[in-house]
Amino acid sequence: MTVMLFDLAGADPDVRFSPYCWRTKMALKHKGVVFEAVPWRFTDKVALEPSGQGRVPTIVDHGLWVHDSWEIAHYLDRAYPDKPILFRDARDEAAARFMATWADMTLHLPILRICLVEIYAALAPQDQAYFRSSREARFGVTLEEFVTDKGKAKSQLLSVLSPMDVSLRASRFLGGETPSYSDYAVFGSLMWPNAVMSEPLLEADTMVGAWFNRMLGLHDGYARSAKIVRG
């Protein structure tokens with residue numbers, strides 16, 4: 001039976017940019033679980049009512065609703081133990097939790113300061129009013145004011161990525177020579193700007209840029225084939 005994944009989409013239903021949905025899609029691909037990524041938008045709360053909440057990623061598997069990318073990853077390991085494991089042991093899980101938390105708390109702010117307006121522009125018209133009002137209330141300034149110094153934000157992003165750049169000199173992926181949920185957590189965050197910006201954010205000749213390119217090629221090039229704003 002095919003798993004249904006509610007996946008945040010833009011005005012173009014094929015443009016998908018949620019960092020958390022990307023974590024879940026890569027986890028599903030890692031497990032080899034067949035799924036359908038259904039386009040969902042911020043204002044489509046009714047579709048998620050059976051889950052008891054209103055955010056994505058949310059999956060439906062054999063009638064069971066599961067939400068939150070971290071919870072979904074654990075569910076997939078429990079439900080499909082015969083398929084490739086996402087968390088090999090407690091240490092692997094702890095490392096993945098750290099990387100996911102680090103991405104949320106350290107990467108996301110400079111990323112938003114670079115591409116918040118581009119995210120807004122990619123949204124469906126019915127989502128734009130919600131997005132503007134909710135984000136401007138959160139940040140205390142207009143979307144346009146929030147991104148006034150993209151150069152500084154990019155420098156900050158490169159600075160916070162520098163430990164990762166050093167780490168990747170020793171291995172192809174964050175957890176070693178094969179990809180793990182640690183990689184999917186950070187990759188999801190970096191697919192966010194990749195999907196909506198008019199030019200690539202990462203330099204291809206850096207260790208992080210080379211890693212990102214390897215991630216794009218995983219699972220038969222699943223992420224590389226995803227539609228993005230710049231075509």
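Trainee: How far apart do the C-alpha centres of domain 1 and domain 2 lie?

Mentor: In this predicted model, the C-alpha centres of domain 1 and domain 2 lie 19 Å apart, where domain 1 covers residues 3-79 and domain 2 covers residues 90-221 of the protein chain.

Trainee: What makes you say that residues of domain 1 are in contact with residues of domain 2?

Mentor: Contact requires heavy atoms within 4.5 Å, and by that criterion 21 residues of domain 1 are in contact with 30 residues of domain 2.

Trainee: Why is the largest nonpolar core said to lie between the two domains?

Mentor: This core has 75 residues, and those with the most contacts inside it are Phe17, Met164, Tyr181, Val186, Phe187 and Trp211. Its largest share, 14 residues, comes from helix α3, which spans residues 90-122. Domain 1 and domain 2 both give residues to the core, and it therefore lies between them.

Trainee: Which residues is Trp211 in contact with, once its neighbours within four places in sequence are left aside?

Mentor: Trp211 is then in contact with Met164, Leu168, Arg172, Phe173, Leu174, Asp183, Val186, Phe187 and Leu190. Among these partners, Met164, Val186 and Phe187 are also listed with Trp211 among the residues with the most contacts inside the core.

Trainee: Asp127 is found in helix α4; why is Asp127 said to have no salt bridge?

Mentor: A salt bridge needs a side-chain nitrogen of Lys or Arg within 4 Å of a carboxyl oxygen of Asp or Glu. For Asp127, which is buried, the nearest side chain of opposite charge is that of Arg41, 5.2 Å away, so the pair does not meet the 4 Å limit.

Trainee: What does the side chain of Asp127 reach, and how do you know that this counts as a polar contact?

Mentor: The side chain of Asp127 reaches the backbone nitrogen of Phe42 at 2.8 Å, and because the cut-off for a polar contact is 3.5 Å, that distance qualifies. Leaving aside neighbours within four places in sequence, Asp127 is in contact with Arg41, Phe42 and Thr43.

Trainee: What makes the pairing of the Gln53 and Thr58 side chains a polar contact?

Mentor: Gln53 lies in the loop between β2 (35-40) and β3 (58-61), and its side chain meets the side chain of Thr58 at 3.1 Å, which is within the 3.5 Å limit and therefore qualifies. The Gln53 side chain also makes a polar contact with the side chain of Ser51, at 2.9 Å.

Trainee: How far from Gln53 is His67, in sequence and in space?

Mentor: Gln53 and His67 are 14 residues apart in sequence and 8.3 Å apart in space, C-alpha to C-alpha. His67 is nevertheless one of the residues in contact with Gln53, because contact is judged on heavy atoms within 4.5 Å.

How values were computed
Residues are numbered from 1 along each chain as its sequence is written. This is a predicted model: local features need pLDDT of at least 70, side-chain atom pairs count only at pLDDT 80 or more; totals for chains, interfaces and linings use all residues. Side-chain values use heavy atoms; hydrogens and water are left out. A nonpolar core is a set of buried Ala, Val, Leu, Ile, Met, Phe, Trp, Tyr and Cys residues joined through side-chain atoms within 4.5 Å. Buried means under 20% relative accessible area, exposed over 50%, partly exposed in between (1.4 Å probe, protein chains only). Helices (H or I, at least four residues) and strands (E, at least two) are DSSP runs, numbered from the N terminus. Domain bounds come from an automatic or database domain assignment. A polar contact is a pair of N or O atoms within 3.5 Å; within protein, one must be able to donate a hydrogen and the other to accept it, and residues adjacent in sequence count only if both atoms are side-chain atoms. Lys and Arg count as positive and Asp and Glu as negative; His and the chain ends are not counted.
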